[in-house]
Amino acid sequence: MTLPELSAEIGGIFLGSVQDRWEGKAPSAIQKDRVPGPQAITQTGFSEDAQADLTVHGGEEKAIHHYALDHYAAWQDEGHMAAGTVPAAFGENITATGLTEENLCIGDILKLGKATVQISQGRQPCWKLGLHTGNEKMPYLFQKTGRTGWYYRVLETGAAEAGGRITLIERRNPDWSVLRVTRARLTRRVSREDAEALADLADLASGWRQAFARVAAGETREDTKARLAG
């Protein structure tokens with residue numbers, strides 16, 4: 001297999017702290033702000049970044065969230081976000097142009113500045129995304145469009161900064177684009193054969209492998225109300 005030449009400039013790095021954002025709601029670290037200079041990357045992501053609920057955010061399988069800058073124009077053209085909206089409107093840690101859910105695959109290994117990272121899963125949007133963007137439909141729109149972004153696990157620690165490069169260096173699962181797998185996970189519209197294959201895909205985050213194993217066993221219903229509505 002010929003490795004696609006995929007490399008992009010890091011458009012920005014965005015980090016945040018845990019805050020009480022909404023009265024009567026759980027705290028969140030979805031507010032991310034642009035930071036200058038080299039930022040240290042540990043096994044659990046950028047050292048100066050935080051997540052509020054570590055049962056569903058962060059950790060080694062979801063250490064860094066990447067969102068394609070390419071999608072911002074579409075959201076604005078469709079009227080779902082205000083004109084001029086800029087990253088990190090979706091709470092992402094990094095952004096770049098030219099890397100998307102369509103041309104990247106689960107298990108892809110990339111050089112992120114001086115660190116080495118691997119795509120572990122897509123993003124499952126939650127109710128906080130709706131409040132943060134000011135569009136309560138955004139979690140559902142993420143699922144409908146597949147424009148969710150994706151997460152990295154960290155294989156080798158290092159540092160990265162805006163203006164540096166992120167480059168694909170190894171492709172392990174060319175049949176499983178981030179878009180294909182994320183749509184299968186969020187919609188559960190997946191054949192039993194594909195669900196079985198994904199349950200056995202070692203590079204996929206363990207939580208998603210377990211979810212596909214349940215689908216393969218015939219458990220096709222999933223209650224998403226708490227995640228999407230809060």
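Welcome to this structure, a predicted model. A good place to start is its largest pocket, which is lined by 38 residues, with Val56, His57, Gly58, Lys62 and Tyr151 lying nearest the centre. Helix α6 gives the most to that lining, and helix α6 also packs against α5 and α4. The points below take the pocket, then the two helix pairs, then two details of the backbone.

**The largest pocket**

- The space in the largest pocket comes to about 820 Å³.
- Two helices, α2 (127-133) and α6, each supply at least two residues of the lining.
- Helix α6 contributes 5 residues to the lining, the most of any contributor.
- By class, the lining of the largest pocket holds 15 nonpolar, 13 polar and 10 charged residues.

**Where α5 meets α6**

- Helix α5 covers residues 192-199 and helix α6 covers residues 206-216; their axes come within 8 Å and cross at roughly 150°.
- Angles over 145 degrees count as roughly antiparallel, so α5 and α6 are roughly antiparallel to each other.
- The crossing of α5 and α6 is left-handed.
- On the α5 side, the contact is made by Arg192, Ala195, Glu196, Leu198 and Ala199.
- On the α6 side, the partners are Arg209, Phe212, Ala213, Val215 and Ala216.
- Sorted by class, the residues of the contact of α5 with α6 are 7 nonpolar and 3 charged, with no polar ones.

**Where α4 meets α6**

- Helix α4, residues 178-187, packs with α6 at an angle of about 60°, and the two axes are 10 Å apart.
- That angle makes α4 oblique to α6.
- The crossing of α4 with α6 is left-handed.
- Helix α4 brings Val181, Thr182, Ala184 and Arg185 to the contact, while α6 brings Trp208, Ala211 and Phe212.
- The residues of the contact of α4 with α6 divide into 5 nonpolar, 1 polar and 1 charged.
- Phe212 of α6 is worth finding in the view, as it takes part in the contact with α5 and in the contact with α4.

**Two backbone details in loops**

- The peptide bond that runs from Pro87 to Ala88 is cis, and its omega is near 5°.
- Ala88 sits in the loop between α1 (70-77) and β6 (94-96).
- Arg188 has a phi near 60°, a positive value in a residue other than glycine.
- To find Arg188, look in the loop between α4 and α5.

Conventions
Residues are numbered from 1 along each chain as its sequence is written. This is a predicted model: local features need pLDDT of at least 70, side-chain atom pairs count only at pLDDT 80 or more; totals for chains, interfaces and linings use all residues. Side-chain values use heavy atoms; hydrogens and water are left out. Axes are lines fitted to C-alpha atoms, for helices over the stretch in contact, and angles run from 0 to 180 degrees between N-to-C directions. Helices (H or I, at least four residues) and strands (E, at least two) are DSSP runs, numbered from the N terminus. Angles under 35 degrees count as roughly parallel, over 145 as roughly antiparallel, 65 to 115 as roughly perpendicular and the rest as oblique. A crossing is left-handed if the near helix is turned anticlockwise from the far one by less than a right angle, and right-handed if clockwise. Contact means heavy atoms within 4.5 Å. Ala, Val, Leu, Ile, Met, Phe, Trp, Tyr, Cys and Pro count as nonpolar, Asp, Glu, Lys and Arg as charged, and the others, Gly among them, as polar. On a 1 Å grid over the protein atoms alone, a cavity is a set of points where a 1.4 Å probe fits but cannot get out, and a pocket is an open set with protein on both sides within 12 Å along at least five of seven lines; lining residues have an atom within 4 Å of a point. Grid points are joined across faces, edges and corners, and a volume is the space filled by probe spheres set on the points.
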